[in-house]
Structures are given as C-alpha cells and as structure tokens.
Amino acid sequence: MTPKTMLEIVKAIRGNKHANVMVENASHAEPLAEVIFECRCLFDLLENNARLDEIVEQISKKNEAAKKYEAATGYKWPL
C-alpha cells in the first residue's frame, strides 16, 4: 500500500467524501470497503464518547474485517 493510498484511506475514515481510494485488484475492493467502513464506525464512536462496550464490539467488527482484508490481499491491515 502506497503512502498516497494510506492518506486517502485516512481521509475516508475521517469522513472526507472526496477521498479517492484505488484498489490493485477487483477482488480487493469489497474487503477494503468493509474494513474502511468498520474503521469509520469506530472513529465515530470514539468521537462521540460512546460506552466502552460499544467501542469493544466495534473493535471486534473492525478486526474481523481486517482479517478478511488480509485473507483477500495478503497484506496486514495497518490501522
């Protein structure tokens, strides 16, 4: 994953609607979208002072999405 791609992913997680994330392969698109979505949900919870049990549940969802991403791409999710 290039530094430019990482910056675009961070923009997407932070809610920038104009983030432009490119994928290397069509089979990587869905796992990448899922892990970005779950990271975005976690980011929202942390910004809104959610309860600890909600945060822990969302971390589990994000970790599951990260495992799917790694299985599809061979790359460990960096966030």
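The following exercises, each with a worked solution, concern a predicted model.

**Exercise 1. The length of helix α2**

Task: Determine whether the end-to-end distance of helix α2 agrees with the span expected at 1.5 Å a residue.

Solution.
- Step 1. Helix α2 covers residues 26-47, which makes 22 residues.
- Step 2. The expected span is 1.5 Å times one less than the number of residues, and for α2 this gives 32 Å.
- Step 3. The end C-alpha atoms of α2 are 32 Å apart, which agrees with the expectation.
- Step 4. At the N-terminal end, Asn25 acts as a cap of α2: a side-chain oxygen of Asn25 lies 2.9 Å from the backbone nitrogen of Ser27.

**Exercise 2. The two sides of α2**

Task: Identify which residues of α2 are buried, state how they are arranged about the helix axis, and name what covers them.

Solution.
- Step 1. The buried residues are His28, Pro31, Leu32, Val35, Ile36, Glu38, Cys39 and Leu42.
- Step 2. Viewed down the axis of α2, these buried residues fall within an arc of 165°, so they line one face of the helix.
- Step 3. A general rule helps in reading such a pattern: an α-helix has 3.6 residues a turn, so residues three or four places apart point the same way.
- Step 4. The other side of α2 carries the exposed residues Ala26, Glu30, Phe37 and Glu47.
- Step 5. The cover over the buried residues of α2 includes α1 (3-13) and α3 (52-73).

**Exercise 3. Helix α1 and its surroundings**

Task: Establish which residues of α1 are buried and which element they pack against.

Solution.
- Step 1. Thr5, Met6, Glu8, Ile9 and Ile13 are buried in α1.
- Step 2. These residues cover an arc of only 160° around the axis, which puts them on the same side of α1.
- Step 3. Pro3, Lys4 and Leu7 are exposed on the other side of α1.
- Step 4. The buried residues of α1 pack against α2.
- Step 5. Thr5, in helix α1, touches Val21 and Met22 when residues up to four places away in sequence are not counted. The C-alpha atoms of Thr5 and Asn20 are 8.3 Å apart, with the two residues 15 apart in sequence.

**Exercise 4. Helix α3**

Task: Describe the length of α3 and the placing of its buried residues.

Solution.
- Step 1. From its first C-alpha to its last, α3 reaches 31 Å with 22 residues, close to the 32 Å expected at 1.5 Å a residue.
- Step 2. Its buried residues are Ile55, Gln58, Lys62, Ala65, Ala66, Tyr69 and Thr73.
- Step 3. Seen along the axis of α3, the buried residues lie within an arc of 110°, so they line one face of the helix.
- Step 4. Lys67 and Ala71 are exposed on the face of α3 turned away from its buried side.
- Step 5. The buried residues of α3 pack against α2.

**Exercise 5. The nonpolar core and the aromatic pair**

Task: List the members of the largest nonpolar core, state which element gives the largest share, and classify the aromatic pair.

Solution.
- Step 1. The core has 10 residues: Ile9, Ile13, Leu32, Val35, Ile36, Cys39, Ala65, Ala66, Tyr69 and Trp77.
- Step 2. The elements α1, α2 and α3 each give two or more residues to this core, and the largest share, four residues, comes from α2.
- Step 3. Beyond its neighbours within four places in sequence, Ala66 is in contact with Val35 and Trp77.
- Step 4. A search of the whole structure finds one aromatic pair. The rings of Tyr69 and Trp77 have centres 5.2 Å apart and planes at 75°, so the pair is edge-to-face; the cut-off for this class is over 60 degrees.
- Step 5. Tyr69 and Trp77 are both buried.
- Step 6. Met1, in the segment before α1, is in contact with Met6, Ile9, Tyr69 and Trp77, leaving aside neighbours within four places in sequence. Met1 is partly exposed, with a relative accessible area of 38%.

**Exercise 6. Positive phi after the helices**

Task: Find which residues with positive phi follow α1, α2 and α3.

Solution.
- Step 1. Gly15 follows α1, with a phi near 100°.
- Step 2. Asn49 follows α2, with a phi near 50°.
- Step 3. Gly74 follows α3, with a phi near 85°.
- Step 4. Most residues other than glycine have a negative phi. Asn49 has a positive phi although it is not a glycine.
- Step 5. Asn49 is found in the loop between α2 and α3, and at 70% relative accessibility it counts as exposed.

How values were computed:
Residues numbered from 1 in each chain as written. Predicted model: local features only at pLDDT ≥ 70, side-chain atom pairs only at ≥ 80, totals over all residues. Heavy atoms only, no water. Buried < 20%, exposed > 50% of the residue type's maximum accessible area, 1.4 Å probe, protein only. Arc of directions from axis to C-beta. Contact = heavy atoms within 4.5 Å. Polar contact = N/O pair within 3.5 Å; in protein donor to acceptor, adjacent residues only side chain to side chain. Phe/Tyr/Trp six-rings, centres within 6.5 Å; stacked < 30°, edge-to-face > 60°. Core = buried A, V, L, I, M, F, W, Y, C linked by side-chain atoms within 4.5 Å.
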